[in-house]
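Got your viewer open? Let's take a walk through this model, one selection at a time.

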Amino acid sequence: MSETWRNIGPVIISIMIIIAVAVVRAHSRTAAAVLATMPINVPLALWVVYSGAGGDRAIMAQFTHSMLLAIGPTVVFILVVWLAARAGWRLAPMLVAGYLAWGAGLGLTLVVRHFLVR
């Protein structure tokens with residue numbers, strides 16, 4: 001696989017997914033939500049790391065472990081945005097609250113991970 005495709009392939013696929021969500025949303029918000037939350041970025045990130053690491057198993061194991069730990073703050077982000085939407089907030093405050101919660105969750109995850117790895 002060429003170096004160029006390894007670098008731009010995931011970006012092109014991500015753009016195609018965003019366009020698909022926009023198109024599908026007009027027909028079904030549920031289908032758009034499913035498409036938006038599908039594990040699409042995970043394989044793209046794995047592709048980038050795998051290509052860059054030459055398929056090294058130890059690097060892939062460490063990367064996937066870190067991804068597993070990082071999924072919790074992402075769930076917190078979605079939960080906070082959902083609660084804010086239910087409360088009638090506008091988009092910008094919803095996203096700010098979501099990212100603040102995500103950042104706090106990520107910080108907590110990293111602190112706990114630091115003390116558990118010791």
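Start by selecting helix 4 and helix 5, whose crossing is right-handed (the near helix is turned clockwise from the far one by less than a right angle; anticlockwise would be left-handed). Helices here are DSSP runs of H or I with at least four residues, numbered from the N terminus. Helix 4 covers residues 57-86 and helix 5 residues 91-117; they pack at an angle of about 150°, with axes 8 Å apart. The axes are lines fitted to C-alpha atoms over the stretch in contact, and angles run from 0 to 180 degrees between N-to-C directions. The two helices are therefore roughly antiparallel to each other, the word for angles over 145 degrees.

Before moving on, a word about what you're looking at. This is a predicted model, in which local features need pLDDT of at least 70 and side-chain atom pairs count only at pLDDT 80 or more, while totals for chains, interfaces and linings use all residues. Residues are numbered from 1 along each chain as its sequence is written, and side-chain values use heavy atoms, leaving out hydrogens and water.

Next, select helix 1 (residues 3-25) and helix 3 (residues 41-53), which pack at an angle of about 175° with their axes 10 Å apart. That makes helix 1 roughly antiparallel to helix 3. Which residues make the contact? Show Trp5, Arg6, Gly9, Pro10, Ile13 and Ser14 on helix 1, then Asn41, Leu44, Trp47, Val48 and Ser51 on helix 3; contact means heavy atoms within 4.5 Å. By class, you'll find 6 nonpolar, 4 polar and 1 charged (Ala, Val, Leu, Ile, Met, Phe, Trp, Tyr, Cys and Pro are nonpolar; Asp, Glu, Lys and Arg are charged; the others, Gly among them, are polar).

While you're on helix 1, click asparagine 7. With 48% relative accessibility, asparagine 7 counts as partly exposed, the band between buried (under 20% relative accessible area) and exposed (over 50%), using a 1.4 Å probe and protein chains only. Now measure across to valine 48: 41 residues along the chain, yet the C-alpha atoms are separated by 7.4 Å.

Now color Ile17, Leu35, Ile40, Leu44 and Trp47, the 5 residues of the largest nonpolar core. Such a core is a set of buried Ala, Val, Leu, Ile, Met, Phe, Trp, Tyr and Cys residues joined through side-chain atoms within 4.5 Å.

Last stop: alanine 85, in helix 4. Alanine 85 is partly exposed, at 40% relative accessibility.

Notes. Angles under 35 degrees count as roughly parallel, over 145 as roughly antiparallel, 65 to 115 as roughly perpendicular and the rest as oblique.
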